[in-house]
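Dear colleague,

I am passing on the structure we spoke about, and my notes follow directly beneath it. Please read them with the model open beside you.

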Amino acid sequence: ISSLSTDAKTARISNAFFTFLQLKEAAGIERAILTGTFSRNRFAPGMHDKLLTLKGLEGASAALFSSFSPSALKAAFEEIQSGSDAALVNRWRARALEQAGQGGFGIDAKAWYDVSTRRIDQFQSLEERLEQELLSTVAEALENARNASWLYGLGAVFLLGAVLALI
């Protein structure tokens, strides 16, 4: 939508929506990787690098989302990110990354899964708000385009009538 839209507001909210979906998807993959990692008490081959990539993607997506999103949705995202579930996710992720070489994380896989799921559920609620914002923004842009086309059409008819009157 953002690449097709000439309306700045529509482009911004669609970019916010897209980057938020990327962030949420990365959080889901991170949940799966660390659930397996914590249950084995060590990283499976390739999973540490995958986690680092996801962490980077989440950070970039969060920054882009914050730059594109309306202030109310940005504030809702910041509230999620500063909440207790996000704090625990960040702390446990950091421990996994710090102890990647030796394992022995001391984190219950089910507890990780549960707290990570709560954070993703909060993301889902924000996604629904974003979706409504995008739909209403697109509807508003469509209505504005319809109104403009009527005005242009009436102007063309008036101009045609004036030209014909001169002939």
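**The loop between helix 4 and helix 5**

Gln102 sits in the loop between helix 4 and helix 5, and with a relative accessible area of 61% this residue is exposed. Please keep in mind throughout that what you have is a predicted model. Although Gln102 and Phe43 are 59 residues apart along the chain, their C-alpha atoms are separated by 9.2 Å.

Phe43 also takes part in a ring pair, one of the eight aromatic pairs that the structure holds. The partner is Phe105: the centres of the two rings are 5.8 Å apart and their planes stand at 85°, and because planes over 60 degrees apart count as edge-to-face, this pair is given that name. Phe43 belongs to the loop between helix 1 and helix 2 (47–68), whereas Phe105 belongs to the loop between helix 4 and helix 5 (109–166), so the pair ties together parts that are 62 residues apart in sequence. Both residues are on the buried side of the cut-off, which is under 20%: Phe43 has a relative accessible area of 11%, and Phe105 has one of 2%.

Asn41 lies in the loop between helix 1 and helix 2 as well, and its backbone deserves a second look. Most residues other than glycine have a negative phi. Asn41, although it is not a glycine, has a positive phi of about 65°. Its relative accessibility is 34%, so Asn41 counts as partly exposed.

**The overall picture**

Stepping back from these loops, the protein has five helices and zero strands, and read along the sequence it therefore follows the pattern α-α-α-α-α. Of its 167 residues, 35% count as buried. If one takes the contacts between residues at least 6 apart in sequence, 80% of them join residues at least 24 apart.

**How the helices meet**

Two packed helices are described by the angle between their axes and the distance between the axes, and I have used that description for two pairs here.

The axes of helix 1 (residues 8–40) and helix 4 (residues 84–98) come within 12 Å and cross at roughly 55°, and the two helices are therefore oblique to each other. The crossing of helix 1 and helix 4 is left-handed. On the helix 1 side the contact involves Glu30, Leu34 and Phe38, which meet Val89, Trp92, Arg93 and Ala96 in helix 4. Sorted by class, the contact of helix 1 with helix 4 has five nonpolar residues, two charged residues and no polar ones.

For helix 2 and helix 3 (residues 71–81), the axes come within 8 Å and cross at roughly 150°. An angle over 145 degrees counts as roughly antiparallel, and helix 2 and helix 3 are therefore placed in that class. Helix 2 contributes Ala62, Phe65 and Ser66 to this contact, and helix 3 contributes Leu73, Lys74 and Phe77. The residues of the contact of helix 2 with helix 3 divide into four nonpolar, one polar and one charged. Two residues named there, Phe65 and Phe77, appear again in an aromatic cluster, which they form with Phe20 and Phe123.

**Two buried positions in helix 1**

Thr19 is in helix 1, and at 5% relative accessibility it counts as buried. If neighbours within four places in sequence are left aside, Thr19 is in contact with Ser61, Leu64 and Phe65; the last of these, Phe65, is also part of the contact between helix 2 and helix 3.

Ala26 is likewise placed in helix 1, and this residue is buried, with a relative accessible area of 1%. Not counting residues up to four places away in sequence, Ala26 touches Leu54, Leu57 and Glu58. The C-alpha atoms of Ala26 and Thr53 are separated by 9.3 Å, while the two residues are 27 residues apart along the chain.

With best regards

Conventions:
Residues are numbered from 1 along each chain as its sequence is written. This is a predicted model: local features need pLDDT of at least 70, side-chain atom pairs count only at pLDDT 80 or more; totals for chains, interfaces and linings use all residues. Side-chain values use heavy atoms; hydrogens and water are left out. Axes are lines fitted to C-alpha atoms, for helices over the stretch in contact, and angles run from 0 to 180 degrees between N-to-C directions. Helices (H or I, at least four residues) and strands (E, at least two) are DSSP runs, numbered from the N terminus. Angles under 35 degrees count as roughly parallel, over 145 as roughly antiparallel, 65 to 115 as roughly perpendicular and the rest as oblique. A crossing is left-handed if the near helix is turned anticlockwise from the far one by less than a right angle, and right-handed if clockwise. Contact means heavy atoms within 4.5 Å. Ala, Val, Leu, Ile, Met, Phe, Trp, Tyr, Cys and Pro count as nonpolar, Asp, Glu, Lys and Arg as charged, and the others, Gly among them, as polar. Rings of Phe, Tyr and Trp (its six-membered ring) pair if their centres lie within 6.5 Å; planes under 30 degrees apart count as stacked, over 60 as edge-to-face and the rest as tilted. Buried means under 20% relative accessible area, exposed over 50%, partly exposed in between (1.4 Å probe, protein chains only).
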